[in-house]
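Here's a protein model to poke around in. Let's ask why things get the labels they do, and check each label against its rule.

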Amino acid sequence: MKKCFIFLFSIISLLLNAKTQLKPGTYRGILILNEIEGIELPFNFDVLKLKKGYSLVIKNAQERITIDQLKHKGDSLFFKMPVFDTEFKCQITGDTISGVWINNYRKEKNKIKFKAYPSNQRFLFAQTSGNTQFEGRWETTFSPNMNDSSKAIGLFKHIENTNYIEGTFLTETGDYRFLEGMTINQQMYLSCFDGSHAFLFIATLNDKKLTGKFYSGAHWQTNWEASENKNFSLRNANEITFLKDQSKPIDFSFKDLNGKMVSLSDLQFKNRVVLLQVMGSWCPNCMDESAYLSELYKKYKSNGLEIIALAFEKTTDFKTAQQQVKRLKNRFGIEYNMLITQLSGKEKASETLSALNKISAFPTLLFLNRSHQVVRIHTGFNGPATGTLFNDFKQETEQIINELIR
């Protein structure tokens, strides 16, 4: 009897500890933003079986985010986003993955229910020939008729004359990155999940005007409206932030990722053109800018260019900030100096660079000549999702650098 009990106990233990298989393929992931109202943010990802373990690739329009570090034990699945301090804790049941997405930057409403199942659809509508009346450049207002109302430019384009649609919004602080979705009749649905942004846009087209809702995670939502206007522009990104005091030099002293104090006045920067990047590893637009600046530095460092990133993290603890910035550095092979300010927010960034009128956006990029005089300040960053605007920025930036390093 005792032997039978031990045998049964062993079998049960083996069954409980057996690894539930994570099936390769394309999944439809869903973040449940509001369970009562049934508001769900969909996105797609691929599960790839490797020689050892798995990898996961999140897809937003043209963007691909690869996650290599998955922990799979029994029926449990854990993974962290590669750059941002957010993570998933899940359970596998048959073909379904369910659990929670945790945003460690937030103290409140930082957990959102998550589920996923095999499917290559994002929004569950039938494919049609599309409706080109959603395409174009749209003058957009977020939170219309409110005190915190703000302007943006919506850029939308259908894919190969279908009702699949991609796009983004341009603002004076950056773009909303890669949005993907569908149109059905007079409605448009767009979503994005990149580990930091969890965006859902819903809108109805009526009398050539879009009106709808914008959801950012589970913590915030607002109304938005837009009218097609190919001539609408935002303020010039090179004029929003400016020198208010020409007599004040730009200088600072902060620790690098090895704990060594670094200042702009150090010998290594003498007679070098310097790009000063005001950023944070938590900021998706900063991530896009960092990826670009990393390649730029490799191209021009031998010609006299230096880049210094001032990291304003969500924490003032050096070790925590160091770990977060190192993840960004390693992700994009960044070789330029990255300094930990141990400060947070735009107010502290403005105090650090007190010669400027203010820092109104992360990122902000300062161009300094060989004498370390400020020659240009670019607020925000419109990245790869903006297409030709991104290409224009790269061309303009390299033109300035070539002029400065001569």
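Q: How much space lies in the largest pocket?
A: This is a predicted model, and in it the largest pocket holds about 1300 Å³ of space.

Q: Which residues lie nearest the centre of the largest pocket?
A: The lining has 42 residues, and T173, H197, F199, W282 and P284 are the ones nearest the centre.

Q: Which elements each supply at least two residues of that lining?
A: Quite a list: the strands β8 (96-103), β9 (111-118), β11 (150-158), β13 (174-175), β16 (198-206) and β17 (209-216), plus the helices α2 (284-300) and α4 (345-352).

Q: How do the residues of the lining of the largest pocket divide by class?
A: You get 16 nonpolar, 16 polar and 10 charged.

Q: What makes an empty space a cavity and not a pocket?
A: A cavity is a space where a 1.4 Å probe fits but cannot get out, whereas a pocket is open. With a cut-off of 30 Å³ or more, the count here is 1 cavity. About 30 Å³ of space lies in the largest cavity.

Q: Which residues line the largest cavity?
A: They are N238, F367, R376, H378, F393, E396, T397 and I400. Two elements, β25 (374-379) and α5 (388-405), give two or more residues each. The largest share, 4 residues, comes from α5. By class, the lining of the largest cavity has 3 nonpolar, 3 polar and 2 charged residues.

Q: How do you know that C90 is in no disulfide?
A: A disulfide needs two cysteine sulfur atoms within 2.5 Å. For C90, the nearest cysteine sulfur is that of C192, 18 Å away, so by the cut-off of 2.5 Å the pair doesn't qualify. In the whole structure, the number of disulfides is 0.

Q: Why is C90 called buried?
A: Buried means under 20% relative accessible area. C90 has 6%, so the label fits.

Q: What about C283: buried or exposed?
A: Its relative accessible area is 4%, so C283 counts as buried.

Q: Why does N337 count as buried?
A: The cut-off is under 20%, and N337 comes in at 17% relative accessibility, so N337 is buried too.

Q: Where is N337, and which residues is N337 in contact with?
A: N337 is in strand β23, which covers residues 337-340. Leaving out neighbours within four places in sequence, N337 is in contact with V262, Q268, F269, E306, I307, I308 and A309.

Technical notes:
Residues are numbered from 1 along each chain as its sequence is written. This is a predicted model: local features need pLDDT of at least 70, side-chain atom pairs count only at pLDDT 80 or more; totals for chains, interfaces and linings use all residues. Side-chain values use heavy atoms; hydrogens and water are left out. On a 1 Å grid over the protein atoms alone, a cavity is a set of points where a 1.4 Å probe fits but cannot get out, and a pocket is an open set with protein on both sides within 12 Å along at least five of seven lines; lining residues have an atom within 4 Å of a point. Grid points are joined across faces, edges and corners, and a volume is the space filled by probe spheres set on the points. Ala, Val, Leu, Ile, Met, Phe, Trp, Tyr, Cys and Pro count as nonpolar, Asp, Glu, Lys and Arg as charged, and the others, Gly among them, as polar. Buried means under 20% relative accessible area, exposed over 50%, partly exposed in between (1.4 Å probe, protein chains only). Contact means heavy atoms within 4.5 Å.
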